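Here's a walk through one model, written for someone who likes cut-offs spelled out. Have the viewer open while you read.

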Amino acid sequence: MSNKEVKAALKSARDAIRNKEYKEALKHCKAVLKQEKNNYNAWVFIGLAAAELEQPDQAKGAYKKAIELEPNQLLAWQGLANLYEKPNQTDVKGDLADVYQKLLELYESGDKQKWCDVCNKLVELYHQEKKYVEVAETWQKLIWMKQEEGAEKAELHQLWKKMIQLLKDSTRNQDNKTEQLLLTAFEHALNSADTVPGEDHQNLYKDFIQCLSKFPHEVARLEKACHDMMALYPTMSYPLEVLCLYFIHSGTLSEKALHCFSRLLEMDASSGPGIIGFGIKCLKEKKYKEAVKSLTEGLQKTNQCPVAWHYLAEAQKKIHEHRNAVLSCNQALEALGTPECPNLRWKNLALQLKAETLIKIADADAAEEAIKALEQIVDASSDPVVSALRGQAYLNKGLMDQASKISQELLLSHPDLAEAHALEGFIHYSQKNYEQAEKSFLNAIEKKAGTAEYHQYLGLTYWFMSDETKKDKGKALTQFLKAAKLDSYLGSAFCYLGNYYRDIAGDKSRARGCYKKAFELDETDEESGTAAVNLSVELGDMDTALSILNEVTGKARPGKAKWAWLHRGLYYLRTGQPSQAVADLQAALRADPKDSNCWESLGEAYLNRGSYSTALKSFRKASELNPGLVYSIYRAAALEQILGKYENAIATYQQILKKTENYVPALKG
C-alpha cells in the first residue's frame, strides 16, 4: 500500500466514523496498520470506533498504543479522556485524573479556554474522590492562570468563593494543609469583596467564622474573627451565636457564658444557641420539662451540636423519657464522630449516659446495647461507677454470675461507693432475698441519700417482703413517699402509692389521685391507667374516667391501647350507645384479635344495634376462641332462631345442654 493509499484509507476511516459506520472504519484502519503498524492516526481511529462499538478494552489499548507512539500529541489523550468519561467505565477515576493532568500540560502553552475546561473537570473528579488537597491546589492553579490573564477582581472573587464551596466538606478530614488552603481562600474572598460592609461580605464572614469554629486549635483566631465581625456588623447575631456554641461545648456555665446567652436572646429570641444555653440553665436549675422544650427547640435551629444532644438526653432521662434519651445520646455520638480531644470527654459522657438510660429500660436487648456502650468508654475499667453499671446490665440480661462477681469485687475495692451496695441490693431483690436486699439498699441510702431509685427499691423490698412490712406505714409507704419527693417524675413510685392507698389504707380517692399522677407521667403504664379509670367509676366520677379514656384513645396508634378501647367500649355498651361501642371494641380487637371476651362484648354491641348477622359472627368467633363461653354459644343459637335458621339453632341449643343440662335459656330456646 503506497503512501497515497494510506492517506485515502485514513480518509475513508474518518468518513466512516462521521457516518457512524464504525465496523467499516475498523477495516480501513486495520488495512493501514498492515502497511504501517505505527501509524498514529490509525490507532486513534481504532480507539474511537471501538469505543463507539462498546469495546472499551480494545479502545483503551488502541489509544495507549497511539500515546506510546506520540506522547505529546493531543488526539489520543482526548480520546482516552472521552472513553474514561463514559458512564459504563468504572474504577478508572485515577487513570482519568492522570489523563486530565497530561491534557493540562499539553494545553498550557496553547488553548487557555480548553485548559480551564479540563482544569474544571479535574477539580470535579478530585472532589468526587474527596481528595481535597488536590482540589485546592488545582483550583489555585486555575485562579493564578486567570490572574496572569488579567481577570477582573469580581471574577477572581467568584473563583475564591467557588474554592470555598469545593472545600466546605474537607473540615471533617482534619487535614492541616487543606484547612490552611481553605482559610486562605476565605481571606482572599473577604479581601476581594466589592462592598465592605455589604451583604456578600457579611455572608462570607459568617461562613469564615463557621469554618473556624470547626477547628479546635483555632480558638483564638475564632474569638478575634467574632469580635471583628461584631464591630463591622453590630446588629448581626451570628458571631455571638458562635461564641455561645463555644461556651456550650466547653462544658462550663460561667457568668461570661450566661451573659452571652442572655445578650444573644435579647438580640434574637429565636436563636438556636441562645435557646440551647437557656435550656442548659433550666437543666441545672432542675426545671427538666422546660429544659427538654428549650433544648429540643434549639437543636431544631442549630445543626451539629453534640453537647446539646447530651444535655437533652440528660433532661429526658430526668423525666423518664428513656427511649427518647437513648435516641438523643445516639445523635450526640453520631455528631461527635471520631474520639479526638476535646470531644473524647463528651463521647465518654454520652456513652455512659446512654448505658444508664438503657439500664432503666430494663429488658435484655437494652441491656445488651448498654454493655456495648460501656465497652466503648475509654479507660472504663478504672471507673467503679462504670463497673457498677456493667453489673446492672448483666443483671438485666440474666447473667447473674457476672453481675455477682462485679458486685463482690466492688464491695471489696470500694466499700464506700453507694453504687456498689445498690448493685448488691438489685441482685438480692431479683432473687427475692428481701432481708439481704433491705440491708444493701439501706447501706446505699446511707452513702447517697438523695437517690430516688434506692428509696423506691427499698419500698418495693418492704412491699414484697411480708404483709407486716407492706402494711407498716414506716416501711413501704415511707420509702415510696421519699422516692416520689426526690423524683417527682418517677411514675412507678406513684403507682405503688396508689396500690398502698387502695389495698392497705382503703382510701379510694387518694389512690385514684396517685394512679392518675402515675399515668400522666407514663402513658404506657396500663396498670395505673386502668386503676385510675376503675376507681373513678367506683367513685361515681364518669367524667374523669372518660377524660382519661378519651385522651388515651385520641393519641393511640392503630393496634395499641387495647385496655382503653375496651373500657370505653364497655361503657358505651352499658349506657345504650351500641354504635360507639362497636367502633371501640373493634379497635380493641385490632390490638388483640384473640380476646374471646372482647368478641363476646362486640357481639352484644352488634345485637343491641340490631345487626344480627354480624352479631352472630362475633358470638361464633368468641366461642371458637373459648369453647367454655356458654353465653356466646347461647347468643349464637338465639340469633340463628331470630334469623330463621331453626335447625342450626336447635343443634346449638342441644350442644349447650350436653355441657350444661339445666341451662334455662337454652331449654327455653
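What follows goes from the annotated spans to salt bridges, cores, one helix and a couple of loop residues.

First, the ground rules: this is a predicted model, so local features need pLDDT of at least 70 and side-chain atom pairs count only at pLDDT 80 or more, while totals for chains, interfaces and linings use all residues. Residues are numbered from 1 along each chain as its sequence is written, and side-chain values use heavy atoms, with hydrogens and water left out.

**Annotated spans**

UniProt, in an unreviewed entry, lists residues 3-39 as "coiled-coil region". Its positions follow the numbering used here, feature names are shortened, and annotations may be inferred rather than shown by experiment. In the model, residues 3-39 are 81% helix and 0% strand, and the end C-alpha atoms sit 11 Å apart. Helices here are DSSP runs of H or I with at least four residues, strands are runs of E with at least two, and both are numbered from the N terminus.

The unreviewed entry also carries "repeat: TPR" for residues 40-73, 562-595 and 596-629. Residues 40-73 are 79% helix and 0% strand, with end C-alpha atoms 9 Å apart. For residues 596-629 the figures are 82% helix, 0% strand and 8 Å between the end C-alpha atoms.

**Salt bridges**

How many salt bridges does a search of the whole structure find? The count is 31, where a salt bridge means a side-chain nitrogen of Lys or Arg within 4 Å of a carboxyl oxygen of Asp or Glu. Side chains of opposite charge can pair when their charged atoms come close. Here are three of the pairs:

| Pair | Closest N to O distance |
|---|---|
| Asp15 and Arg18 | 3.0 Å |
| Lys360 and Glu453 | 2.9 Å |
| Asp595 and Lys562 | 2.6 Å |

Asp15 and Arg18 are three residues apart in helix 1 (residues 3-18), so about one helical turn separates them. Asp15 is partly exposed at 24% relative accessibility, and Arg18 is exposed at 58%. On this scale, buried is under 20% relative accessible area, exposed is over 50%, and partly exposed falls in between (1.4 Å probe, protein chains only). Lys11 joins in too: Lys11, Asp15 and Arg18 are linked in a salt-bridge network.

The bridge between Lys360 and Glu453 works across the sequence. Lys360 lies in helix 19 (residues 343-361) and Glu453 in helix 25 (residues 452-465), so the pair ties together parts that are 93 residues apart in sequence. Lys360 is partly exposed at 33%, and Glu453 is partly exposed at 21%.

As for the bridge between Asp595 and Lys562, Asp595 is in the loop between helix 33 (578-591) and helix 34 (596-609) and Lys562 is in helix 32 (residues 562-574), so this pair ties together parts that are 33 residues apart in sequence. Asp595 is buried, at 13%.

**Nonpolar cores**

A nonpolar core is a set of buried Ala, Val, Leu, Ile, Met, Phe, Trp, Tyr and Cys residues joined through side-chain atoms within 4.5 Å. The largest one has 115 residues, and Met163 and Ile209 have the most contacts inside it. Helix 3 (residues 40-52) gives the most to this core, with nine residues.

Leaving aside neighbours within four places in sequence, Ile209 is in contact with residues including Leu222, Cys226, Met229, Tyr238 and Val242; contact means heavy atoms within 4.5 Å. A second, separate core of 98 residues includes Ile406, Ala476, Ala493 and Trp563.

**Helix 21**

Is helix 21 mostly covered or mostly open? Mostly covered: 11 of its 13 residues are buried, among them Arg390, Gln392 and Tyr394. The cover includes helix 19, helix 20 (364-375), helix 22 (400-413), helix 23 (418-430) and helix 25.

Helix 21 (residues 384-396) reaches 19 Å from its first C-alpha to its last, close to the expected 18 Å; the expected span is 1.5 Å times one less than the number of residues. Asp383 caps the N-terminal end, with a side-chain oxygen 2.9 Å from the backbone nitrogen of Val385. After the helix comes Gly398, with a positive phi near 90 degrees.

**Positive phi in loops**

Most residues other than glycine have a negative phi. Asp91, though, has phi near 55 degrees; Asp91 lies in the loop between helix 5 (74-84) and helix 6 (93-107) and is exposed at 77%. Lys432 has phi near 65 degrees, sits in the loop between helix 23 and helix 24 (434-447), and is exposed at 61%.

Terms used. Polar contact = N/O pair within 3.5 Å; in protein donor to acceptor, adjacent residues only side chain to side chain.
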